[in-house]
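Before reading on, please take a moment to look over the sequence and the fold. The report below is meant for someone meeting this structure without earlier knowledge of it.

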Amino acid sequence: MSKDKTLGRRIIIYFFGLFIMTMGISISVKSNLGVSPVSSIPYTITCVFGMEMGNATILFHACLVLLQIALLRKDFKMANLLQIAAGIVFGKFTTLCNYLVGLLPPVENMGLRIIMILISAVLIAVGIFFYLPANIMPLAGEGAMQAVSKITNIEFSKVKICFDLSMVSISLIVCLIAIHSLGSVGIGTVMAAFLVGFILGKITKKFGAWRDRLLGVG
């Protein structure tokens with residue numbers, strides 16, 4: 001099936017996946033066990049400088065586009081600058097989802113907070129599973145991971161695990177130095193760093209062919 005004929009469907013799936021992923025991130029924030037690795041640095045910016053998390057997310061994505069330019073050099077496509085626009089949408093979704101999840105009462109039970117982290121990891125993986133193959137425009141985070149995967153020939157899901165661990169390490173160091181606490185990093189962050197990439201790989205193997213048919217690329 002022609003991509004032109006499935007464009008409308010792919011756009012819907014793209015924004016659906018993006019929103020699902022953002023909701024997963026907001027649930028990790030609500031758990032208060034450490035935010036998901038994909039937003040650990042933006043939340044660190046919030047903790048250290050007081051910038052609203054959605055705006056910090058937009059800033060972080062702009063920096064990741066610069067990283068892609070440095071990695072890919074002449075292979076970087078100018079169209080990928082649209083990742084900044086995608087980052088703006090993602091930042092606004094972050095603000096919205098944080099507001100919606102913030103309407104829920106505080107969760108004090110540790111068991112429930114762990115369950116929230118597990119739900120968060122699943123939602124983030126499902127969001128990536130849908131939005132990225134829609135081939136509209138990857139977020140700068142996934143774009144940077146794709147760039148690393150391309151130049152190293154390492155499977156994307158494995159690159160994601162390494163990328164997430166790097167983001168967590170940077171966030172932890174910055175928070176310890178700047179605010180003398182763990183800040184955005186907690187047990188939930190470490191769990192998600194391993195779980196999201198693992199879950200994404202499993203979902204892709206199980207449902208990837210169905211998703212590709214839905215997108216018209218199978």
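What follows covers an internal cavity, a bent helix and a group of aromatic rings.

The model is a predicted one, and the values given here are computed from it.

**The cavity**

Where does the model leave enclosed empty space? The structure holds one cavity of 30 Å³ or more, and the volume of the largest cavity is about 40 Å³. Its lining is made up of Val38, Phe60, His61, Leu64, Phe90, Leu139, Gly141 and Phe163. Helix H3, which covers residues 53-72, gives the most to this lining, with three residues. Sorted by class, the lining of the largest cavity has six nonpolar and two polar residues, while charged residues are absent from it.

**A bent helix**

Helix H8 runs over residues 187-215, and although a straight helix of 29 residues would span 42 Å at 1.5 Å a residue, H8 spans only 36 Å between its end C-alpha atoms. Along H8 there is a bend of about 65° at phenylalanine 207. After H8 comes glycine 216, whose phi is positive, near 80°.

**Aromatic rings**

A search of the whole structure finds six aromatic pairs. Two of them, both including phenylalanine 130, are set out in the table.

| Pair | Centre to centre | Angle between the planes | Arrangement |
|---|---|---|---|
| Phenylalanine 16 and phenylalanine 130 | 5.6 Å | 75° | edge-to-face |
| Phenylalanine 129 and phenylalanine 130 | 5.1 Å | 80° | edge-to-face |

The pair of phenylalanine 16 and phenylalanine 130 links distant parts of the chain, since phenylalanine 16 lies in helix H1 (residues 7-31) and phenylalanine 130 in helix H5 (residues 110-131), 114 residues apart.

Are the residues of these pairs buried or exposed? Phenylalanine 16 has a relative accessibility of 43% and therefore counts as partly exposed, a class that lies between the cut-offs of 20% and 50%. Phenylalanine 130, by contrast, has a relative accessible area of 13%, so this residue is buried. Phenylalanine 129 is likewise counted as buried, because its relative accessibility is 2%.

These three residues also belong to a wider group, in that Phe16, Phe129, Phe130 and Trp210 form one aromatic cluster.

Conventions: Residues numbered from 1 in each chain as written. Predicted model: local features only at pLDDT ≥ 70, side-chain atom pairs only at ≥ 80, totals over all residues. Heavy atoms only, no water. 1 Å grid on protein atoms, 1.4 Å probe; cavity = no way out; pocket = protein on both sides within 12 Å on 5 of 7 lines; lining within 4 Å. Points joined across faces, edges and corners; volume = space filled by probe spheres on them. Helix = DSSP H or I, 4+ residues; strand = E, 2+ residues; numbered from the N terminus. Nonpolar A, V, L, I, M, F, W, Y, C, P; charged D, E, K, R; others polar. Expected span 1.5 Å × (residues − 1). Bend = angle between axes of the 7 residues up to and from the residue. Phe/Tyr/Trp six-rings, centres within 6.5 Å; stacked < 30°, edge-to-face > 60°. Buried < 20%, exposed > 50% of the residue type's maximum accessible area, 1.4 Å probe, protein only.
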